[in-house]
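This briefing covers a ligand site and a helix. Please look over the sequence and the model before reading the points below.

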Amino acid sequence: MESKVKKVAILANGGDVSGFNAVIRAIVKTAERNHVECYGFIDGYHGLLKNNYIRLSSADTASGILAKGGSIISSSTNANVFHYKVIEDGKEVYKDLSEQCVQNVKEDGFDCIFTLGGDSTQKSARDFSLRGINVIGVPKTIDNDVACTDITFGYNTAVSVATEALDRLHTTAETHDRIMVLEVMGREAGWIALESAIAGGADIALIPEIPYDIEKAAEAIKRRQAIGKNFAVVVVSEGAFPKGGEVSVVHERDGGKGVINIQLGGVGEKVAEALEKLTGLTARCNVLGYMQRGGTPTAFDRVLSTKYGAKAMEFAVQGKFNVLTVLKDGKLDCVSLEEVVGNNKEIGAVQGGTPESNVRVVTMDHDLVKTARDIGISLGD
Ligand code: F6P
């Protein structure tokens, strides 16, 4: 088939994950086999704005990167070029700078832009599609909360890191008769907490989808104490919150990139303190943080990322634009970006993490929830 594209570019946007480079490599390799030139914008949507890009080739720039963490073309967090903070006459104002990006893409003759990112990134991709740019999304985030796909790349590696941490916490919890709380990422979705809790044999998993009752969580520990187990391992999503309470926020931040967002954190410490009081066992909190995002991807993520990258390039060759590459019931497919953004239609209006953003959260009928309950993991309800 004659390729519908001749020159394409990739951008990586949002918090990094293990697997970015594996996707980039797969796109580049598939592009080369179809005689398509491939480029990479540096620092996500900022690269698009500043027209800052490099040539990507499997012979040099994109060579030897399959197992490498991070992103060889960087990644920008919180870059919303449709609503971008600039200083004018000494004052902070928000402007729509997307037209500059559109001009850059058109002038330099890119037939398609691959947007590697989470819900905010795909929201901007959809907004660019309405401005006449061909885009193809690839779903990324350790949180696994992108709508319309069963899984995002980077998630499996994060679960693996959290599971290893739980294994380590288990032995120290048992040795010292302590409660070990592990706070993991997951702003609005408890996928990492839930799956790692099952994989790591945790006793309690608290997730944003189920506001927790700390007394109920403490009861689960007391039941263990009653059978002579004087220790417990607890996983808490950073976005978990108590019934009738609020999420724990470290601070509002800007990061100098135009959009303010909220840094979550602290719920693990609160849970540890409360459980210590209610059970009489000493509790310690561990925050896993950015370790979940860095380093080499698991074999699963290398394969998933490669499949996503190759398929995304295949869609470009076929001229199937303005879609997100997805995995549905084990099969690669695509869905329109309109479907991905759901009701979050207003161009440039919102970033992720707001009530308007369309994120895929854990549903109560999901197998992971059922399995957790079946084996007696307390979900704090
Ligand atoms: O969205 C992925 C994520 O890892 C969240 O779980 C976390 O809250 C956030 O990124 C932190 O991102 P950063 O501090 O890089 O902005």
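A residue counts as exposed when its relative accessible area is over 50%, and as buried when that value is under 20%. The model is predicted. The points below take helix H11 (residues 367–374) before the ligand and its surroundings.

**Helix H11**
- Asp367 and Asp374 are exposed on one side of H11.
- The buried residues of H11 are Leu368, Val369 and Ala372.
- These buried residues lie on the same side of H11 because they cover an arc of only 100° around the axis.

**Residues around the ligand**
- The surroundings of the ligand include Thr141, Ile142, Asp143, Met185, Gly186 and Arg187.
- Glu238, Arg253, Tyr290 and Arg293 also belong to these surroundings.
- Sorted by class, the shell consists of 5 charged, 3 nonpolar and 2 polar residues.
- Two domains contribute to the shell, each with at least three residues: domain 1 (7–153 + 297–341) and domain 2 (158–292 + 364–374).

**Polar contacts and burial of the ligand**
- Tyrosine 290 has a side-chain N or O atom 2.4 Å from an oxygen atom of the ligand.
- For glutamate 238, the distance from a polar side-chain atom to an oxygen atom of the ligand is 2.6 Å.
- For aspartate 143, a polar side-chain atom is 2.8 Å from an oxygen atom of the ligand.
- The ligand taken alone exposes 400 Å², and the protein buries 83% of that area.

How values were computed
Residues are numbered from 1 along each chain as its sequence is written. This is a predicted model: local features need pLDDT of at least 70, side-chain atom pairs count only at pLDDT 80 or more; totals for chains, interfaces and linings use all residues. Side-chain values use heavy atoms; hydrogens and water are left out. A residue is near a molecule or strand if one of its heavy atoms lies within 4 Å of it. A polar contact is a pair of N or O atoms within 3.5 Å; within protein, one must be able to donate a hydrogen and the other to accept it, and residues adjacent in sequence count only if both atoms are side-chain atoms. Accessible areas come from the Shrake-Rupley method with a 1.4 Å probe; for residues, only the protein chains shown count as cover. Ala, Val, Leu, Ile, Met, Phe, Trp, Tyr, Cys and Pro count as nonpolar, Asp, Glu, Lys and Arg as charged, and the others, Gly among them, as polar. Domain bounds come from an automatic or database domain assignment. Buried means under 20% relative accessible area, exposed over 50%, partly exposed in between (1.4 Å probe, protein chains only). Helices (H or I, at least four residues) and strands (E, at least two) are DSSP runs, numbered from the N terminus. The arc is that of the directions from the helix axis to the C-beta atoms.
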